[in-house]
Amino acid sequence: QVQTVESGGGLVEAGESLRLSCRATSEIINNRNIAWYRQAPGKEREVVSTISISGSTNHAAAVKGRFTITRDKAKATVFLQMNDLKPEDTAVYYCNLFRMADGPKNPLAQWGMGTQVTVSS
């Protein structure tokens, strides 16, 4: 069963930065489309950022210009650099893989534990 492992969350003040890491096998990280998601208390899980097999990226409107998704193939890790964090970014962040034809709203792997990001005002 494919599973991803997220890390890097924490408690920060508004305006600060965090970098999240998503790890799995190198075959998964380096050869699949990967997405970062988040779920805030009482809300549905939403897609934050995606990176395709070819390296093209997309970000949700709420984070565009502040978040960057990258892939380090040598480390078999997908990063989510989050700058200028806001209290509304507070959520548990997850990563998963998806097929382009089905889109990131149809993830393929079992969900990991996620990593908590808390932004104080």
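The structure, a predicted model, holds one disulfide, a term used here for a pair of cysteine sulfur atoms within 2.5 Å. Local features in this predicted model need pLDDT of at least 70, side-chain atom pairs count only at pLDDT 80 or more, and totals for chains, interfaces and linings use all residues. Residues are numbered from 1 along each chain as its sequence is written, and side-chain values use heavy atoms, with hydrogens and water left out.

The disulfide joins Cys-22 to Cys-95, with an S to S distance of 2.0 Å. Cys-22 lies in strand β3 and Cys-95 in strand β9 (residues 91–98), so the bond ties together parts that are 73 residues apart in sequence; strands here are DSSP runs (E, at least two residues), numbered from the N terminus. The torsion about the S-S bond of Cys-22 and Cys-95 is about 85 degrees, and the disulfide is therefore right-handed. Cys-22 is buried, with a relative accessible area of 0%, and Cys-95 is likewise buried, with a value of 0%, where buried means under 20% relative accessible area, exposed over 50%, and partly exposed in between (1.4 Å probe, protein chains only).

Cys-22 also takes part in strand pairing, since in β3 the bridge partner of Glu-6 is Cys-22. Three bridges join β1 to strand β3 (residues 18–23), and these two strands run antiparallel; two strands are taken to pair if DSSP finds at least two bridges between them. Both strands belong to an open sheet of four strands, which has the order β1-β3-β8-β7 and antiparallel pairing. In this sheet β1 (5–7) and β7 (67–72) stand at the edges, each with a single partner strand, so that one side of each is left without a neighbour in the sheet. Neighbouring strands of the sheet are turned by 20 degrees against each other on average, direction ignored, as given by axes that are lines fitted to C-alpha atoms, with angles that run from 0 to 180 degrees between N-to-C directions.

The structure further holds two aromatic pairs, for which rings of Phe, Tyr and Trp (its six-membered ring) must have their centres within 6.5 Å, planes under 30 degrees apart counting as stacked, over 60 as edge-to-face and the rest as tilted. The rings of Tyr-37 and Trp-111 have their centres 4.9 Å apart and their planes at 90 degrees, so this pair is edge-to-face. Distant parts of the chain are linked in this way, as Tyr-37 lies in strand β4 (residues 33–39) and Trp-111, 74 residues apart from it, in the loop between β9 and β10 (115–120). Tyr-37 counts as buried at 3% relative accessibility, whereas Trp-111 is partly exposed, with a relative accessible area of 26%. Tyr-94 and Trp-111 form an aromatic pair that is also edge-to-face, at 5.6 Å centre to centre and with 70 degrees between the planes. Tyr-94 lies in strand β9 and Trp-111 in the loop between β9 and β10, so the pair ties together parts that are 17 residues apart in sequence. Tyr-94 is buried, with a relative accessible area of 12%, and the ring pairs link Tyr-37, Tyr-94 and Trp-111 into a cluster.

Arg-45 lies over the face of Tyr-94, at 4.4 Å from the ring centre, and over the face of Trp-111, at 3.7 Å from the ring centre; a charge sits over a ring if NZ of Lys or CZ of Arg is within 6 Å of the ring centre and within 35 degrees of the ring normal.
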